[in-house]
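User: I would like to go through the open and enclosed spaces of this model and to ask, for each, what the labels rest on.

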Amino acid sequence: MSSSGYYFVIVGHADQVVYEIELGGSNGQTTDNRHLNQFIAHAALDLVDEAMWRNTTTYLKQVDKFNEWNVSAYVTAGGLRFLFLYEHLPRSGEDGLKNFLTEVYETYVKLLLNPFYVPDKPIRSAAFDKKIQTIARKWNL
Amino acid sequence: MSMQAPTYLRSSALDRSLQKTRGDINLSTFALLFSEMVQYSQNRVDNIYDLQTKLSDLGHHVGTRILDLYFLRVAKDKREVRLTPMLVFIQKTFWKFLFNREADNLEQHAQEPNVYYIIERECLVNKFISVPKDKGNLNCAAFVAGIVESVLSTSGFKCKVLTHQGNRGTTYVITFAQSVMDRESRLDTK
């Protein structure tokens with residue numbers, strides 16, 4: 001019985017993982033799941049790349065579906081891709097997800113303004129981690 | 001009674017607002033900062049080309065950050081995907097955001113479709129910079145060129161931007177990579 005957690009990843013310009021986090025799920029997440037999450041996310045990247053050049057919006061709703069996992073994407077003006085994997089939409093629905101992604105984008109830009117942060121490098125800040133978890137709780141994930 | 005150091009509740013940088021603070025910066029203050037940047041770079045290079053590269057790198061630093069900041073403050077949920085709208089955006093909206101006026105001209109090279117020019121009569125950063133004769137070709141607008149180059153590159157339009165001082169003013173020569181032109185023609189036909 002798998003817990004309905006969510007997996008969120010920020011992918012940089014060179015398709016590298018800048019930041020990843022598992023949210024919402026209870027203690028059912030095994031290491032198998034983690035590899036599967038990364039696999040699904042990378043597979044969805046091609047579709048995101050296709051879609052991002054056709055749309056001038058940042059939030060691309062559901063771009064891919066793998067078995068029971070759905071992938072939603074959010075593309076920033078700076079070309080960064082946020083991928084969100086979920087089995088069922090969170091309680092706050094599509095809107096809640098969009099607001100979550102927008103707030104993560106704001107937090108990311110605040111981190112980006114730090115002159116010591118090199119863009120596209122992995123994010124290791126604990127404060128950033130905590131902030132993302134707070135935002136996730138706020139939007140009921 | 002012992003003196004205790006007051007404990008402040010420090011809000012982390014991640015909690016502060018991104019909205020523009022009141023008041024603009026004095027041109028003289030910026031000119032001072034910019035002249036220091038030029039002198040700092042000058043002390044660390046041997047030739048003019050490297051100096052322009054260093055200024056361009058400083059511009060890169062600014063450009064990658066200001067692009068996302070601009071879209072977050074002004075137009076959330078929007079981004080540019082096609083070349084011409086993006087260039088028009090840079091010439092008009094973005095220039096206004098940076099310098100409070102639009103760039104004067106945006107032109108395309110007659111023979112080479114991947115070369116564009118943005119022309120501005122009076123470059124703000126060069127206002128207080130005077131270039132002595134022995135520095136020849138130096139143009140401190142390399143800083144602005146760096147900003148434009150990184151804004152275009154991070155949003156997916158890989159390019160190189162050079163500056164040229166002509167009688168019409170400062171010209172930024174933008175040369176796009178072939179991959180950008182290929183993608184544009186692919187999106188045009190679909």
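User: Which residues line the second largest cavity?

Analyst: In this predicted model, the second largest cavity is lined by Leu27(B), Phe30(B), Ala31(B), Phe34(B), Leu124(B), Val125(B), Lys127(B), Phe128(B) and Ile129(B). By class, that lining holds eight nonpolar residues, no polar residue and one charged residue.

User: Why is Lys127(B) the charged residue of that lining?

Analyst: Lys is among the types that count as charged, and Lys127(B) is in the lining of the second largest cavity, so Lys127(B) is the one charged residue there.

User: What makes this space a cavity, and what volume does the second largest cavity have?

Analyst: A space is called a cavity because a 1.4 Å probe fits at its points but cannot get out. The second largest cavity has a volume of about 50 Å³, and a search of the whole structure finds two cavities of 30 Å³ or more.

User: Which residues line the largest cavity, and from which chains do they come?

Analyst: From chain A come Met52(A), Trp53(A), Val75(A), Thr76(A), Ala77(A) and Gly79(A), and from chain B come Leu67(B), Phe71(B), Arg79(B), Glu80(B), Met86(B) and Ser155(B). The volume of this cavity is about 70 Å³.

User: Why does Gly79(A) count as polar in that lining?

Analyst: Gly is placed with the polar residues by the classes used, so Gly79(A), a lining residue of the largest cavity, is counted there as polar. The full division of this lining is seven nonpolar, three polar and two charged.

User: What makes a space a pocket, and how much space lies in the largest pocket?

Analyst: A pocket is an open set of points with protein on both sides within 12 Å along at least five of seven lines, and about 1,400 Å³ of space lies in the largest pocket. Its lining has 30 residues, with Lys20(B), Ile25(B), Phe30(B), Ile66(B) and Leu98(B) nearest the centre. Helices H1, H2, H3 and H4 of chain B each give two or more residues to the lining of the largest pocket, and H2(B) provides the largest share, seven residues. By class, the lining has 18 nonpolar, seven polar and five charged residues.

User: How much space lies in the second largest pocket, and which element gives the largest share of its lining?

Analyst: About 610 Å³ of space lies in the second largest pocket, and H2(B) gives the largest share of its lining, seven residues. The classes in this lining are 11 nonpolar, 11 polar and six charged residues.

Note on methods: Residues numbered from 1 in each chain as written. Chains lettered and ligands numbered in written order. Predicted model: local features only at pLDDT ≥ 70, side-chain atom pairs only at ≥ 80, totals over all residues. Heavy atoms only, no water. 1 Å grid on protein atoms, 1.4 Å probe; cavity = no way out; pocket = protein on both sides within 12 Å on 5 of 7 lines; lining within 4 Å. Points joined across faces, edges and corners; volume = space filled by probe spheres on them. Helix = DSSP H or I, 4+ residues; strand = E, 2+ residues; numbered from the N terminus.
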